[in-house]
Amino acid sequence: MILEMFLGVILGLAVNEMCDVSSHLAQRLLRWAARRIPGAGNAERYEEEWLALLDERPGKLLKLGFASWMVIRSAFTMRSIYGRREARAQGGASLLSRSLESLNPAEFEAMTAALVHRDGFGTARRVGGPGDLGIDVIATTAGGRTIGFQCKKYGDPRRPVGASVLHQLAEHRLSGIDELVVITNGSFSPPSRRFANTHWIHTIDGEALRRWWSGAESLDDILRR
């Protein structure tokens with residue numbers, strides 16, 4: 001009888017101690033999980049976000065369960081996602097060391113995404129392909145604006161982008177796109193420039209692209225003109 005009471009007290013104290021420790025352990029686990037995510041600034045951002053979510057969880061054991069799930073998520077899901085993003089960014093950055101004319105159309109799109117990313121935009125990804133409705137790259141600014149890019153890489157840099165390209169882009173303008181940009185290594189015909197001006201489509205020709213490429217101008221500089 002005395003032994004049973006003693007064991008009950010010990011067990012109760014152990015459970016109570018574990019519950020007290022679990023909150024501290026949950027915080028430690030979240031900080032560790034956040035540091036496992038690649039990319040500059042991601043550890044601090046996710047740590048702050050996850051700790052705020054932890055505070056909203058009722059009960060000490062539920063907090064520990066949430067932290068454990070974040071550990072699993074960071075180890076198997078988020079590391080993979082951010083690892084692929086970093087690989088794409090490094091691949092795009094390597095294109096900037098090549099000559100502009102050596103790029104094929106797909107590399108030209110990747111180069112555009114790399115330049116946008118270099119300028120500090122929140123995200124920049126290629127979406128070109130069948131059914132893209134003219135949008136090859138989508139970028140999001142830090143302020144939340146979404147910019148759609150159509151990329152035209154020509155073998156002859158003297159070739160102008162015709163007005164029909166811009167007509168098609170304006171006709172199939174996607175919802176959720178705040179601004180449209182057509183970028184080329186060539187030029188724009190006078191009718192295409194007039195159409196772009198009247199339909200609020202930005203144009204970046206070969207000369208402007210080279211200034212952007214070299215760092216003489218930023219994308220914001222070009223879009224404000």
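These legends accompany a set of close-up views of a predicted model.

**Figure 1. The whole chain, as a starting point for the close-ups.** Before zooming in, here is the overall setting. The predicted chain contains eight helices and seven strands. It has 225 residues, and 37% of them count as buried. If we take the contacts between residues at least 6 apart in sequence, 55% of them join residues at least 24 apart.

**Figure 2. Helix α4 from end to end.** Helix α4 covers residues 105–118, which gives it 14 residues. From the first C-alpha to the last, α4 reaches 20 Å, close to the 20 Å expected at 1.5 Å a residue. Have a look at the start of the helix, where a side-chain oxygen of N104 comes to within 3.1 Å of the backbone nitrogen of A106. Beyond the other end, α4 is followed by G120, a residue with a positive phi, near 90°. In between, the buried residues of the helix are F108, E109, A110, M111, T112, A113, A114, L115 and V116.

**Figure 3. T112, a buried residue of α4.** This view stays with helix α4, where T112 is found. The relative accessible area of T112 is 0%, so this residue counts as buried. What surrounds T112 once its neighbours within four places in sequence are left aside? The residues in contact with T112 are then V137, F149, C151, I183 and W212. Keep W212 in mind, as it returns in the next legend as a residue touched by S218.

**Figure 4. S218 in the loop between α7 and α8.** Here we visit the loop that lies between α7 (206–214) and α8 (219–224), where S218 is found. S218 has a relative accessible area of 23%, and is therefore partly exposed. Not counting residues up to four places away in sequence, S218 touches D119 and W212. The view also takes in R118, whose C-alpha atom is 9.4 Å from that of S218, although the two residues are 100 residues apart along the chain. R118 is also where helix α4 (residues 105–118) ends.

**Figure 5. The packing of helices α5 and α6.** Two helices share this view: α5, residues 163–171, and α6, residues 190–198. Their axes are 8 Å apart, and the helices pack at an angle of about 25°. Because of that angle, α5 is roughly parallel to α6. On the α5 side, the contact is made by A163, L166, H167 and A170. From α6 come P191, S192, F195 and A196. Sorted by class, the contact has six nonpolar residues, two polar ones and no charged ones.

**Figure 6. V165 of helix α5 and its contacts.** V165 is found in helix α5. Is V165 buried or exposed? With a relative accessible area of 14%, V165 is buried. Leaving aside neighbours within four places in sequence, V165 is in contact with Q150 and K152. V182 can be located too: V165 and V182 are 17 residues apart in sequence, and their C-alpha atoms are 9.0 Å apart in space.

**Figure 7. S189, in the loop leading from β6 to α6.** Where does S189 sit? S189 has its place in the loop between β6 (187–188) and α6. Its relative accessible area is 15%, so S189 is buried. Setting aside neighbours within four places in sequence, S189 is in contact with P160, V161, G162 and A163. A163 may look familiar, being one of the α5 residues that make the contact with α6.

**Figure 8. W200, with a positive phi.** On the other side of α6 in sequence, W200 is found in the loop between α6 and β7 (201–204). Most residues other than glycine have a negative phi. W200 is not a glycine, yet it has a positive phi of about 55°. With a relative accessible area of 71%, W200 is exposed.

**Figure 9. E47 of helix α2 beside R31 and A34.** The last stop is helix α2 (residues 42–56), in which E47 lies. E47 is partly exposed, with a relative accessible area of 22%. Not counting residues up to four places away in sequence, E47 touches R31 and A34. The C-alpha atoms of E47 and A34 are separated by 5.4 Å, while along the chain the two are 13 residues apart.

Key:
Residues numbered from 1 in each chain as written. Predicted model: local features only at pLDDT ≥ 70, side-chain atom pairs only at ≥ 80, totals over all residues. Heavy atoms only, no water. Helix = DSSP H or I, 4+ residues; strand = E, 2+ residues; numbered from the N terminus. Expected span 1.5 Å × (residues − 1). Buried < 20%, exposed > 50% of the residue type's maximum accessible area, 1.4 Å probe, protein only. Polar contact = N/O pair within 3.5 Å; in protein donor to acceptor, adjacent residues only side chain to side chain. Axes fitted to C-alpha atoms, helices over the stretch in contact; angles between N-to-C directions. Parallel < 35°, antiparallel > 145°, perpendicular 65-115°, else oblique. Contact = heavy atoms within 4.5 Å. Nonpolar A, V, L, I, M, F, W, Y, C, P; charged D, E, K, R; others polar.
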